[in-house]
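This report examines a predicted model. Please consult the sequence and the structure displayed below while reading.

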Amino acid sequence: QVQLVESGGGLVQAGGSLRLSCVASGGTFSTYVMGWFRQTPGKEREFVAVISRGAGSSDYVDSVKGRFTISRDNVKNTVYLQMNSLKPEDTAVYYCAARQTTQPVTRMTRTQDYDYWGRGTQVTVSS
């Protein structure tokens, strides 16, 4: 059983930056594809970014390309989401997710593709 704990959320002005972290425990981190999703009240959870097991490939939703960067440290069992040029529409609860799989990242963009989830961290971007 894998446990995921997110941190790094907060309140930031538009144009600012935040770095989210997600620490994993209870599994062999390097065998898990890791993803970030976000959700606002009344909406479905939305894919944001995904990174392969060895960090060799990644994918992003179009709305964050060029602004967000996903990375991972397989020694620290941590996945990161660096968020720059934040916009009010980026306001959401951000969740990290994991699945032990060999699937390519392009097949890992739906919530049902993941087995494990963190509890989320709130990101609020003021205008």
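The account that follows treats one strand and its partners, then backbone conformation in loops, then internal space.

**Strand S4 and its partners**

Strand S4 spans residues 32–39, and seven of its eight residues are buried, so the strand is largely enclosed by the rest of the structure. The cut-off behind this statement is a relative accessible area under 20%.

S4 pairs with two strands discussed here. With strand S9 (residues 92–100) it forms eight bridges in the antiparallel sense. Within this pairing, Trp36 of S4 faces Cys96 of S9. With strand S5 (residues 46–51), S4 is joined by five bridges, and the two strands again run antiparallel. Arg38 has Glu46 in S5 as its bridge partner. S4 and S5 together make a hairpin in which six residues separate the strands. The turn of this hairpin contains Gly42, whose phi is positive at about 85°.

**Positive phi angles in loops**

Most residues other than glycine have a negative phi. Against that background, Asn77 has a positive phi of about 55° although it is not a glycine, and Ser85 likewise has a positive phi, of about 50°, without being a glycine. Asn77 is located in the loop that links strand S7 (68–73) to strand S8 (78–83), whereas Ser85 belongs to the loop between S8 and S9. The table sets out the values for these two residues.

| Residue | Phi | Loop | Relative accessibility |
|---|---|---|---|
| Asn77 | about 55° | between S7 and S8 | 24%, partly exposed |
| Ser85 | about 50° | between S8 and S9 | 42%, partly exposed |

Why does Asn77 count as partly exposed? Its relative accessibility is 24%, and the partly exposed class lies between the limits of 20% and 50%, so Asn77 falls within that class. Ser85, at 42%, is assigned to the partly exposed class because its value lies between those limits too.

**The internal cavity**

How many cavities of 30 Å³ or more does a search of the whole structure find? The search returns one. The largest cavity holds about 50 Å³ of space. Its lining consists of Val2, Ala24, Ser25, Gly26, Gly27, Thr28, Phe29, Tyr32, Met34 and Asn77. Strand S3 (18–25) and S4 are the elements that contribute two or more residues to this lining. By residue class, the lining comprises five nonpolar and five polar residues, with no charged residue.

Two of the topics above meet at this cavity: Asn77, which has a positive phi, is one of the lining residues, and S4, described above as largely enclosed, also contributes to the lining.

Terms used. Residues are numbered from 1 along each chain as its sequence is written. This is a predicted model: local features need pLDDT of at least 70, side-chain atom pairs count only at pLDDT 80 or more; totals for chains, interfaces and linings use all residues. Side-chain values use heavy atoms; hydrogens and water are left out. Buried means under 20% relative accessible area, exposed over 50%, partly exposed in between (1.4 Å probe, protein chains only). Helices (H or I, at least four residues) and strands (E, at least two) are DSSP runs, numbered from the N terminus. Two strands pair if DSSP finds at least two bridges between them. On a 1 Å grid over the protein atoms alone, a cavity is a set of points where a 1.4 Å probe fits but cannot get out, and a pocket is an open set with protein on both sides within 12 Å along at least five of seven lines; lining residues have an atom within 4 Å of a point. Grid points are joined across faces, edges and corners, and a volume is the space filled by probe spheres set on the points. Ala, Val, Leu, Ile, Met, Phe, Trp, Tyr, Cys and Pro count as nonpolar, Asp, Glu, Lys and Arg as charged, and the others, Gly among them, as polar.
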